[in-house]
Amino acid sequence: METPLNLTILYTSNIRGDIHMLPRLYTFIQTLKPYQRQGTLILDLGRSCDSDVWHCGITRGRSTLIVLDGMGYHGANVDGVLDPISRTKVDEVVTMGLVDRAHPWTYHIPPVTDNSLVVGIQPVVDETLRLQIDLTPDQQTTIQHGVLRLADVNARQVGVVTIDLDGMAEITSTTVHDLPPNTPPNPTIVASVEFVESEARYFQKKQN
């Protein structure tokens with residue numbers, strides 16, 4: 001199958017270890033499905049964990065990423081979140097791409113793989129690619145020379161961007177949605193959060 005000519009990207013940022021918000025965020029992302037078409041990307045722009053948050057410190061930044069993977073994310077900016085050892089450990093248990101300066105992620109949503117669509121950190125201009133998505137948060141959403149940069153959002157927002165890939169990549173729409181305060185939590189993601197916290201407590205006991 002060929003890559004769709006219209007690409008939709010849902011993205012988050014600045015979660016900073018607030019994993020108890022994630023079950024509600026997942027429910028909200030599901031309500032945005034009218035925006036989603038085949039091959040929709042769900043990405044995180046970074047700062048998923050904060051070392052001052054207990055489970056982030058104990059797991060060395062892995063905790064939030066494990067939950068994001070369970071939420072169906074395709075890629076996450078882990079630059080400054082995971083050290084090389086933690087990155088290796090997370091990479092062994094998740095399916096999403098762990099993106100940093102040394103590790104871009106190539107579009108792969110079965111059954112489609114497209115080497116001309118790449119998600120990275122501060123990518124260089126490459127005319128052989130149809131689109132590069134830079135996971136470094138920016139002040140506004142733009143495309144220049146085939147590189148898409150995304151405007152930063154807060155932890156309780158979801159950015160939605162649609163791209164026309166028929167010819168030169170162009171932005172067709174961009175919106176930021178606030179997480180409604182009455183959004184119910186998804187039970188499956190609640191269970192995932194509880195599992196991650198129990199594992200973090202286990203690691204904490206081993207260190208004491």
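Student: Which helix gives the most to the lining of the largest pocket?
Tutor: In this predicted model, helix 3, helix 4 (84–91) and helix 5 each supply at least two residues of that lining. Among the lining residues are F195, V196, E199, A200 and F203, and helix 5 spans 187–207. With five residues, the largest contributor is helix 5.

Student: How many residues of the lining of the largest pocket are nonpolar?
Tutor: The pocket holds about 270 Å³ of space. Its lining includes I66, V90 and V93 as well as R62 and K89. By class, three lining residues are charged, two are polar, and the nonpolar ones number seven.

Student: Why is helix 3 largely enclosed by the rest of the structure?
Tutor: Helix 3 covers residues 63–70. Its buried residues are S63, T64, L65, V67, L68 and D69, and their cover includes helix 1 (22–31), strand 2 (41–44), helix 2 (54–59), strand 3 (75–77) and helix 5. Helix 3 is largely enclosed because the buried residues are six of its eight.

Student: Which residue with a positive phi follows helix 3?
Tutor: Helix 3 ends at residue 70. The phi in question is near 90°, and the residue is G72.

Student: Is T183 buried or exposed?
Tutor: T183 sits in the loop between strand 11 (170–178) and helix 5. Leaving out residues up to four places away in sequence, T183 touches R24, T27 and F28. The relative accessible area of T183 is 9%; the cut-off is under 20%, so T183 is buried.

Student: Which backbone oxygen does the side chain of T183 reach?
Tutor: T183 lies in a loop that comes after strand 11 and before helix 5. At 2.8 Å, its side chain reaches the backbone oxygen of P180.

Terms used: Residues numbered from 1 in each chain as written. Predicted model: local features only at pLDDT ≥ 70, side-chain atom pairs only at ≥ 80, totals over all residues. Heavy atoms only, no water. Buried < 20%, exposed > 50% of the residue type's maximum accessible area, 1.4 Å probe, protein only. Helix = DSSP H or I, 4+ residues; strand = E, 2+ residues; numbered from the N terminus. Contact = heavy atoms within 4.5 Å. 1 Å grid on protein atoms, 1.4 Å probe; cavity = no way out; pocket = protein on both sides within 12 Å on 5 of 7 lines; lining within 4 Å. Points joined across faces, edges and corners; volume = space filled by probe spheres on them. Nonpolar A, V, L, I, M, F, W, Y, C, P; charged D, E, K, R; others polar. Polar contact = N/O pair within 3.5 Å; in protein donor to acceptor, adjacent residues only side chain to side chain.
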